[in-house]
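Dear colleague,

Please find the structure we discussed below. I should be grateful if you would look it over alongside the notes that follow.

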Amino acid sequence: MHLPTVQFTTAQHEFRQQVRSFLQQHVADGTFRTKCDAWLSGSDPHFSKIIGEAGLIGLTWPTQYGGQGRSSLDRYILTEELLAIGAPVAAHWIADRQTGPLLLRFGTEAQKQYYLPRIAEGICYFAIGLSEPNSGSDLASVRTRAEKVDGGWLVNGAKTWTSNAHDAHYMITLVRTGPYDPQKKHENLSQLIVDLHAPGVTITPIRYLTGEHHFNDIFFDNVFIPDDQVVGELGNGWRQGLAELAFERSGPERILSTFPLLQQAIDELKKRGDVARLAEAVTLVADVWSLRNLSIGVSKVLEEGGDVDVTAALVKSVGTKFEQKVPEIVRLLLDVYPRLDADTPLDRLLAQAMLHAPGFTIRGGTSEILAGIIAKGVVAQ
Ligand SMILES: Cc1cc2nc3c(=O)[nH]c(=O)nc-3n(C[C@H](O)[C@H](O)[C@H](O)COP(=O)(O)OP(=O)(O)OC[C@H]3O[C@@H](n4cnc5c(N)ncnc54)[C@H](O)[C@@H]3O)c2cc1C
């Protein structure tokens, strides 16, 4: 692994302080309550609009599309602060993290001009339409198909596990726009922008262990998608989708989903002066620090256009196991009674972390699949 060491500049430290103060003020004002896994399960359109108005969505995008033209390290800092405080960013998260960069790279000028400013305002959300009932790890086998008709495409099929589709306006949907050949599964795949309120789209909830509604089944019954909603090149959907994966896998959201719990536990142990248990908890701090340095290094290489697919897979694999370990260790260190409706932050955060943790090593590619990618990468070197 060759990852650069990154030193944040004084301006970047100042930016971090500004973002932190802004978020702390909103907690103090009661705009939101700190939550674990808030980037996927804390959907709050009101808060998305607040941070859109503050210029904190689309941070790296060109100003002509509503962005701020800042560096990806600035975005890294912003993302860390949002996750560390557990801010409810789920509504716009996918659009900011994935859809914007995808459209900037592959979208038409009209798509960029229409969607990007709305995303940056915090009023337009996207879902990820990849997984299907029989296509998860083996994603290239997707069967949802789009047939050419006059002026566009007719989509039929189903997607599943689609996070926040019930709140989203659109979904980047991977579909088959030509025949399915099991020997050439990666061919004839394309990405379409599907309006989730279009006639023929049915969205039904899949409930979490907690009873909460975060993800969905989506069914398409002759859904018409106009030609101008194809993203990039027809048949190039697999390559375009892969280009997003390194960004999706290596970010701080693969390390910090349970950080609000860790922070709360350490604060509690400090308050109690419990040195023995603090000594246990700080091993988690060492883990988070090392993982963070790896993740920042990957972010820097990505900014410079380098190839870090294997390292990004490694960060995701090790980072998500760390996120899962946090509630396991915290519940042994402190007398807590985990309940989702608890008033005590520690009890509430532990319940959220325990109940959401099983999904961390599944979403975005399972640990087994990542192990395969890493192993092949090592062999290829
Ligand atoms: C919280 C959460 C949010 C999600 N959000 C979205 C979303 O917004 N959009 C979306 O499209 N998808 C989403 N997903 C779906 C996720 O991407 C899939 O669950 C994941 O890719 C695994 O696919 P699968 O569930 O079909 O499992 P399968 O692929 O059936 O795998 C089942 C088990 O077999 C193992 N396995 C499979 N193939 C191999 C192999 N070749 N070698 C070794 N082991 C293997 C897997 O590791 C896993 O343990 C989400 C999932 C979760 C948990």
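**Findings from the model**

Beyond its neighbours within four places in sequence, Gln229 is in contact with Gln111, Tyr115, Gln191, Leu192 and Ile193. Please bear in mind throughout that this is a predicted model. Gln229 sits in the loop that links strand 7 (213–226) to strand 8 (230–231). Its relative accessibility is 15%, so Gln229 counts as buried, the cut-off being under 20%. With Tyr115 there is also a polar contact, in which the two side chains are joined at 2.5 Å.

Two further loop residues deserve attention for their backbone geometry. As a rule, most residues other than glycine have a negative phi. Asn164, although not a glycine, has a positive phi of about 55°. Asn188 is likewise a residue other than glycine with a positive value, its phi being near 60°. Asn164 belongs to the loop between strand 3 (152–163) and strand 4 (170–176), while Asn188 is found in the loop between strand 4 and strand 5 (189–195). As for accessibility, Asn164 counts as buried because its relative accessibility is 7%, whereas Asn188, with a relative accessible area of 28%, is partly exposed.

Turning to the interior, the largest nonpolar core comprises 68 residues, and the members that touch the most others are Ile119, Phe126 and Leu261. Another core lies apart from it; this one has 20 residues, including Ala91, Ala127, Val155 and Val175. Which residues surround Ile119, leaving aside its neighbours within four places in sequence? Ile119 is in contact with Ile57, Trp61, Ala95, Asp96, Thr99, Cys124 and Phe126. Of these, Phe126 is itself among the three core members named above for touching the most others.

The helix packing may be summarised as follows. Two packed helices are described by the angle between their axes and the distance between the axes. For helix 1 (residues 10–29) and helix 4 (residues 72–84), the angle is about 30° and the axes are 10 Å apart. Angles under 35 degrees count as roughly parallel, and helix 1 and helix 4 are therefore roughly parallel to each other. The crossing of helix 1 past helix 4 is right-handed. On the helix 1 side, the contact is made by Gln12, Phe15, Arg16, Val19, Arg20 and Leu23; helix 4 contributes Leu73, Asp74, Ile77, Leu78, Glu80, Glu81 and Leu82.

Helix 4 also packs against helix 9, at an angle of about 145° and with the axes 9 Å apart. Here too the crossing is right-handed. Ser72, Leu73, Tyr76 and Glu80 of helix 4 meet Arg292, Ser295, Ile296, Ser299, Lys300 and Glu303 of helix 9. Leu73 and Glu80 thus appear in the contact with helix 1 and in the contact with helix 9.

Helix 9 (residues 275–303) also holds Thr283. Is Thr283 buried, partly exposed or exposed? Its relative accessibility is 42%, and Thr283 therefore counts as partly exposed. A polar atom of the Thr283 side chain lies 2.7 Å from the backbone oxygen of Glu280. Finally, Thr283 and Gly136 are separated by 147 residues in sequence and by 34 Å in space, taken from C-alpha to C-alpha.

With kind regards

Methods:
Residues are numbered from 1 along each chain as its sequence is written. This is a predicted model: local features need pLDDT of at least 70, side-chain atom pairs count only at pLDDT 80 or more; totals for chains, interfaces and linings use all residues. Side-chain values use heavy atoms; hydrogens and water are left out. Helices (H or I, at least four residues) and strands (E, at least two) are DSSP runs, numbered from the N terminus. Buried means under 20% relative accessible area, exposed over 50%, partly exposed in between (1.4 Å probe, protein chains only). A polar contact is a pair of N or O atoms within 3.5 Å; within protein, one must be able to donate a hydrogen and the other to accept it, and residues adjacent in sequence count only if both atoms are side-chain atoms. A nonpolar core is a set of buried Ala, Val, Leu, Ile, Met, Phe, Trp, Tyr and Cys residues joined through side-chain atoms within 4.5 Å. Contact means heavy atoms within 4.5 Å. Axes are lines fitted to C-alpha atoms, for helices over the stretch in contact, and angles run from 0 to 180 degrees between N-to-C directions. Angles under 35 degrees count as roughly parallel, over 145 as roughly antiparallel, 65 to 115 as roughly perpendicular and the rest as oblique. A crossing is left-handed if the near helix is turned anticlockwise from the far one by less than a right angle, and right-handed if clockwise.
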